[in-house]
Amino acid sequence: MAKILRRFAFSALLLPWMHTAQAANPSPACSVDYQVNVKLANGSSWSMCWEVRWREGIVFHDVTYTAPGASPLLILAQMNPAQIHVPYDDNGARYHDETDYGLGATKDMATLAADDCPNGKLLSSNGKAVLCQQTRATGYDVKYYTQAIQGQALYLFSVSHVGEYNYIFEYGFHGDGSLEFAAGASGHLQRFTPIPGRGEKYGWPLGQMKYGISHVHNFYWRLDFDLGGADNDAFEELQFPPEDSSQETRVLQAQEFGTETARTVKPDDFRSWRVKDKAITNSDGHAISYHLEADPAHLFHGPEYEPFTQSEVYATTYKPCENFASHNPTINGCADNVSAFVNGESLSRADLVVWYGQAFHHLPRDEDEPMMDTHWSRYFVRPQDANAENPLGDSAGHDQGH
Amino acid sequence: MGTSTGNAVLWRGLLGAAALLGASEAWAAARTGYDPLSTDEQSLALKMALADARITGPQGQSKRSEVLMVERHQEDKAAFVATPTLRRADVYIYLYDSDRLLQAVVNLPKNAVDSVITAQKVQLPPTETEGSASLTLALGDSKLGPQIRDEYFRSTGRKLTSASDLVSDALVFRSDAHPGAAGGAARDCGLHRCTQLLLTSRDGILVNVLPIVDLSRGAAVGMTSFAP
Ligand SMILES: [Cu+2]
């Protein structure tokens, strides 16, 4: 850990323009059993450490991407689910699954078998196979007339069960440096009503004389960005409102936040966010950054006793006791939920943490029985100028046009 | 829920389950950095916490206590950079009589308990022991017991003959997370240690009720179901 941070701090000082410097492999802060180091077919590679934690399930540390021929770039110090909040439309239940049940304890985390992980490799913690590692073809990375680059990604997933639900947490590490976050829910529905008056109002008819109750899965993620190291990161919002009432032109508005902030999505202005490093640039002189596009299909803003649901994206300064979007342990003066982590601290060149809550309103359907097919909530965090050009542009030899 | 003297026994039970999954392989490998605690490290951390006067003192004053969790201490990144060999464990113990959570931070290489913190209104996930204790209390309750049996019969067409006919998953219940379900005695949940149970039959049929049990009080305190 010390070494990896120092190495990146060092490169931040000395090598901002030398993105193709000869790089020693960053020394991992974990033993071999808890390391993932994968080189993809197109020459890029990913490395990280992983850990099973009682509430969070699988936690990844020191997530590092190396573009073909480039030096390693630390992206995230840590990433993991930070809550699954499940309020039902009839107010019959409001679960906080991660903190109140747990995703990673022995009883909660599925033991994976070879069948769970086709063409992959099972990774074990304390003798129990909990993580599946696969590389998968992802289709075109690039297509241009006769040229094509086929994409490939490393995938890592685990399964946690909470009551009748089985949650699948899957991460895609793409050859182009993109990160994919996906939470899947499968298993059985948890709550029904036989009462037509309630079922028609709060649910959907299933089979005969039974209604599945609609509900929301709010998946919160904690993304502790340490782009090129913990220092000098900034949180910026991008949006593109119409320039004037003619609606004919749109202008880029970029706002960097000086203090901790809670933000909502605004899809009609294409609002998005990025974490950029204020010291490291690519060889074009552009600040390296990673860019979060939120999924605005469903938004959940709950009652006032769920203040963490009032915004989708939060940027806070790093604190080791701020771990969960809700029901965070109030030990050592730490607040109960992410909305209260936003309390005016400076984000300027701070070690910052981004929180994203993605909502999925689950409307039951006949196909949810006897077992429901997995419904996925997925988003991406993509490099925005982390490289001076498409890092796969010269890969694989399928592009004949250079 | 064991007595304070029963904790070690209960914990051995939990570790026993891990051992069945082949934990012995892990015992050999040395752990470092972000690695989760090995089962060896967990046992050692628990042993050290349970021998510390700051734990045994308050624990001795509570008739009922439970070891909730032993896991790697989430270090401050800066501390980890300064001391990469830092290898510490959190041991969490709940005292039902005083509704207090004890957190011991155990320094494994130094063989020392670095700190013990007491917290209130912090509720960690229920243990399996707490889950089964909750089910026993719910089924034994004069009001909830018959309702659960009725619902089991309605769902499965069979009579519930014993608690072992049910599979139960227990979540922590906090009244501030769901005021609508927290009428009457359930209002204390959060300050008290409470569970909410998700029930199915052994053959996977949902039993559509959500009993709430107050483990601090040792009683069932409410139930939500499909009906308002
Ligand atoms: Cu659902």
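Q: Is A:Y171 buried or exposed?
A: This model is predicted, and its values are computed from it. The relative accessibility of A:Y171 is 2%. The cut-off for buried is under 20%. So A:Y171 counts as buried.

Q: How many aromatic pairs does the structure hold?
A: The count of aromatic pairs runs over all chains. The total is 24.

Q: What kind of pair do the rings of A:F60 and A:Y171 form?
A: The ring centres of A:F60 and A:Y171 are 4.8 Å apart. Their planes stand at 70°. An angle over 60 degrees is the mark of one kind of pair. So A:F60 and A:Y171 are edge-to-face.

Q: How many residues apart in sequence are the parts that A:F60 and A:Y171 tie together?
A: A:F60 sits in strand β3 of chain A, residues 57–66. A:Y171 sits in strand β9 of chain A, residues 165–174. The pair therefore ties together parts whose separation in sequence, in residues, is 111.

Q: What is the relative accessible area of A:F60?
A: A:F60 is buried. Buried means under 20%. For A:F60 the value is 0%.

Q: What kind of pair do the rings of A:F169 and A:W221 form?
A: The two ring centres lie 5.8 Å apart. The ring planes of A:F169 and A:W221 meet at 75°. So this pair is edge-to-face.

Q: Which strand of chain A holds A:W221?
A: A:F169 lies in strand β9 of chain A. A:W221 is in another listed strand, residues 215–225, so the pair ties together parts 52 residues apart in sequence. The strand of A:W221 is β14.

Q: Is A:F169 buried or exposed?
A: The relative accessible area of A:F169 is 5%. The limit for buried is under 20%. So A:F169 is buried.

Q: Which residues coordinate the copper ion?
A: The donor atoms are one OH, two NE2 and one ND1. They sit at 2.0 to 2.1 Å from the copper ion. The residues are A:Y165, A:H215, A:H217 and A:H362.

Q: What is the arrangement of the four donor atoms around the copper ion?
A: The donor atoms subtend angles of 88 to 142°. A tetrahedral site needs all angles between 85 and 135 degrees. A square planar site needs opposite donors over 155 degrees apart. The arrangement is therefore irregular.

Q: How are the donor residues of the copper ion spaced in sequence?
A: The donors A:H215 and A:H217 are both buried. In sequence, the donor residues begin with a Y and end with an H. The full spacing is Y-x49-H-x1-H-x144-H.

Q: Which residues lie closest to the centre of the second largest pocket?
A: The volume of this pocket is about 390 Å³. The pocket has 22 lining residues. Closest to its centre are A:P320, A:C321, B:H73, B:Q74 and B:Q103.

Q: Which element gives the largest share of the lining of the second largest pocket?
A: In chain B, β3 (88–95), β4 (100–107) and β5 (112–119) each supply at least two lining residues. The largest share is three residues. That share comes from β3(B).

Q: How many residues line the largest cavity?
A: The structure holds nine cavities of 30 Å³ or more. The largest contains about 120 Å³ of space. A:Q78, A:Y318, B:Q74, B:E75 and B:K77 lie nearest its centre. The number of lining residues is 15.

Q: How do the residues of the lining of the largest cavity divide?
A: The elements giving two or more residues to this lining are β4 (73–87) and β14 of chain A, along with α5 (77–82) of chain B. By class, the lining residues are five nonpolar, four polar and six charged.

Q: Which residue does a cis peptide bond join to A:E369?
A: The omega angle of this bond is about 0°. The partner is placed in the loop between β21 (352–362) and β22 (372–384) of chain A. The partner is A:P370.

Q: Is A:N332 buried or exposed?
A: A:N332 is not a glycine, yet has a positive phi of about 60°. It is in the loop between β20 (313–317) and α4 (338–341) of chain A. Its relative accessibility is 61%, so A:N332 counts as exposed.

Note on methods: Residues are numbered from 1 along each chain as its sequence is written. Chains are lettered from A and ligands numbered from 1 in the order in which they are written. This is a predicted model: local features need pLDDT of at least 70, side-chain atom pairs count only at pLDDT 80 or more; totals for chains, interfaces and linings use all residues. Side-chain values use heavy atoms; hydrogens and water are left out. Donors are N, O and S atoms within 2.8 Å of the metal (3.2 Å for Na, K and Ca); water is not among the atoms, so sites may look incomplete. Four donors count as tetrahedral if all angles lie between 85 and 135 degrees; four count as square planar and six as octahedral if opposite donors are over 155 degrees apart and all others between 65 and 115; anything else is irregular. Buried means under 20% relative accessible area, exposed over 50%, partly exposed in between (1.4 Å probe, protein chains only). On a 1 Å grid over the protein atoms alone, a cavity is a set of points where a 1.4 Å probe fits but cannot get out, and a pocket is an open set with protein on both sides within 12 Å along at least five of seven lines; lining residues have an atom within 4 Å of a point. Grid points are joined across faces, edges and corners, and a volume is the space filled by probe spheres set on the points. Helices (H or I, at least four residues) and strands (E, at least two) are DSSP runs, numbered from the N terminus. Rings of Phe, Tyr and Trp (its six-membered ring) pair if their centres lie within 6.5 Å; planes under 30 degrees apart count as stacked, over 60 as edge-to-face and the rest as tilted. Ala, Val, Leu, Ile, Met, Phe, Trp, Tyr, Cys and Pro count as nonpolar, Asp, Glu, Lys and Arg as charged, and the others, Gly among them, as polar.
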